[in-house]
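Work through these short exercises with the structure in view. Try each task before reading its solution.

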Amino acid sequence: MPLPSSTRGPLPYLVILVLGWLALAPGILSLPPVDRDESRYAQAAKQMLETGDFVRIRFQEEPRHKKPVGIYWLEAASVWATGLFPGAAIWPYRLPSLLGALAALMLTYTAGSRLFEPRSALLATGFLGASVLFAVVARQAHTDACLLATAVASQGALGRIYLEARRGAPRRLGPVLMFWAAEGVAILIKGPVIPAVSLLTLLALAVTDRDWGLWRRLRPIIGVPLAAAIAAPWFIAVSFATDGGFIADAVTTDLLPKLVSGQEGHGAPPGYYLVLMMLAFWPASLFAWPALIHAWQRRLEPSVRFCLAWLIPAWVMFELVPTKLPSYVLPTYPALALLSADLVQRAAAGALTPLEHRWPRAIGTLWLVISLAIAAAPLGLAMLLHSTVGAAVIVLALLATALAGAVATLAYRKRWRMASAIALLGAAMILAGTFGHVLPRLDGLWVSRAAAESVARHNRSAEGAAAIASVGYTEPSLVFLVGTRLKFLDAEAAARHLAAANDHLALVRDREDGAFRRAIDAAGTPYRVLDSLEGFNYSRGEWISLRLYGQAP
């Protein structure tokens with residue numbers, strides 16, 4: 001199959017941009033800050049703006065020596081550009097993720113158009129953009145969406161260099177500069193993750209092709225200094241600012257523990273990502289397993305070989321690392337999407353034998369079960385949280401059920417393109433409705449939002465957030481919504497805080513309530529309950545109750 005030399009004009013990019021925005025923007029404004037990573041990232045970026053210190057990363061008074069500064073700079077710049085600082089709106093902090101997600105989609109199309117044909121590239125972009133995991137990361141203020149954009153930029157450039165090498169084409173500097181610049185930005189966002197993916201891809205291609213010449217075509221003498229020029233200045237600055245503490249802590253308390261054991265309760269055995277892929281890559285997960293089987297049969301073709309070299313070694317690496325979060329494997333999803341789209345297009349064109357495009361029944365059945373679970377999830381959440389079941393929830397459940405049935409029927413009848421088109425359209429509508437309409441209205445899910453609103457109604461102190469103490473409830477979203485100077489205290493210290501001024505407030509969790517009352521009674525301070533709240537703390541998987549206390553008049 002001839003390799004297209006262009007992406008056929010700007011129209012596909014305009015389509016991707018518009019449809020991607022329509023699918024991913026719902027929920028950016030209305031979803032409250034999500035615990036815990038998103039709220040920590042956003043709060044640290046907010047503190048950069050508050051203090052003017054754009055080198056050191058802090059969460060309240062605690063140094064945050066975990067990830068490099070790239071995402072914090074992007075979020076701080078986004079907030080500054082919108083002119084909404086100071087304030088507690090979360091959406092400006094999410095804009096870099098939304099823009100990074102859109103960039104990742106357009107870069108996937110660019111890479112796919114060179115590896116396969118444009119129609120497959122466009123379908124692969126849809127598979128990636130409509131997936132559950134992508135929909136989640138595009139709406140949250142953390143590293144994953146922007147990191148994915150750097151991954152597709154570097155791997156897309158590497159794929160172009162590889163195909164040119166296989167054709168014996170002259171070396172070109174543009175893809176080389178793109179590769180190394182993307183690597184430098186990726187390091188500034190999340191350290192060595194994307195360089196590791198690229199290195200594994202290079203090693204896999206060198207071993208399978210028995211040719212190490214691709215490394216020379218990358219011109220490391222030019223490229224390594226370029227990547228270093230992007231990433232090194234901040235690493236040098238933060239090393240001086242923290243006396244080497246940032247890098248030492250990042251390695252010893254974040255990176256190494258992830259490699260040794262499941263950090264912060266996020267451990268899982270190998271195979272975790274394979275199982276999770278059926279949900280995280282939904283709805284295209286229906287096509288993924290047959291696509292992998294078919295790709296392995298065609299592994300001698302350069303485009304397919306490159307995607308397998310991108311996908312398999314990195315996936316194995318993520319499976320072997322003990323600490324696992326769903327988003328870790330996201331940098332491999334564009335390759336999976338490209339292979340899945342190529343399968344659908346070839347099957348629709350009759351390029352596969354009947355035996356090759358029979359879907360494994362177990363995978364199809366599992367996909368159908370997951371689809372029905374997704375259909376029932378909004379309704380189940382509303383009932384669990386004792387929220388009103390509105391018409392939108394019912395409509396989404398019915399739509400998802402109809403989608404599952406239609407796609408399964410069409411796939412069984414081997415109408416591949418129609419099945420994939422309906423899957424993409426339905427998934428985009430379902431996910432947009434869930435994130436944009438259903439989840440923000442599940443009040444029981446957003447304890448920090450309710451607590452911050454209650455505090456705002458009752459706080460009359462000139463000290464602002466410094467007048468508020470929280471006992472037993474320490475979620476980062478509360479800090480972001482109430483203010484950096486919010487105090488996390490034990491019951492006795494909170495009783496002293498409440499007694500110190502008649503406009504001080506204390507937010508107390510149910511299990512700390514008895515100790516707090518005993519301490520405030522012992523101090524002889526008259527008090528009253530200003531508000532009572534109840535909700536589900538999804539970070540800990542438990543129901544909690546909060547009371548807001550103030551001095552009695």
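**Exercise 1.** How many salt bridges does the count come to?

Solution. The model is predicted. In it, the count comes to 18 salt bridges.

**Exercise 2.** Find where Arg36 and Glu475 lie, and decide whether each is buried or exposed.

Solution.
- Step 1: Arg36 and Glu475 form a salt bridge, with their closest N and O atoms 2.8 Å apart.
- Step 2: Arg36 is in the loop between α1 and α2, and Glu475 is in the loop between β3 and α21, so the pair ties together parts 439 residues apart in sequence.
- Step 3: Buried means under 20% relative accessible area. Glu475, at 1%, is buried. Arg36, at 25%, is partly exposed.
- Step 4: A network of salt bridges links Arg36, Glu475 and Arg540.

**Exercise 3.** Place the salt bridge of Asp342 and Arg298 in the chain.

Solution.
- Step 1: The side chains meet at 2.4 Å, N to O.
- Step 2: Asp342 sits in helix α16 and Arg298 in the loop between α14 and α15, so the bridge joins parts 44 residues apart in sequence.
- Step 3: Asp342 is buried at 4% relative accessibility. Arg298 is buried at 8%.

**Exercise 4.** Describe how helices α7 and α9 pack.

Solution.
- Step 1: Their axes come within 10 Å and cross at roughly 20°.
- Step 2: Angles under 35 degrees count as roughly parallel, so α7 is roughly parallel to α9.
- Step 3: The crossing is right-handed.
- Step 4: Residues of α7 in the contact include Leu147, Ala151 and Leu158; those of α9 include Ile194, Val197 and Leu205.
- Step 5: The contact residues divide into 9 nonpolar, 5 polar and 2 charged.

Conventions
Residues are numbered from 1 along each chain as its sequence is written. This is a predicted model: local features need pLDDT of at least 70, side-chain atom pairs count only at pLDDT 80 or more; totals for chains, interfaces and linings use all residues. Side-chain values use heavy atoms; hydrogens and water are left out. Axes are lines fitted to C-alpha atoms, for helices over the stretch in contact, and angles run from 0 to 180 degrees between N-to-C directions. Helices (H or I, at least four residues) and strands (E, at least two) are DSSP runs, numbered from the N terminus. Angles under 35 degrees count as roughly parallel, over 145 as roughly antiparallel, 65 to 115 as roughly perpendicular and the rest as oblique. A crossing is left-handed if the near helix is turned anticlockwise from the far one by less than a right angle, and right-handed if clockwise. Contact means heavy atoms within 4.5 Å. Ala, Val, Leu, Ile, Met, Phe, Trp, Tyr, Cys and Pro count as nonpolar, Asp, Glu, Lys and Arg as charged, and the others, Gly among them, as polar. A salt bridge is a side-chain nitrogen of Lys or Arg within 4 Å of a carboxyl oxygen of Asp or Glu. Buried means under 20% relative accessible area, exposed over 50%, partly exposed in between (1.4 Å probe, protein chains only).
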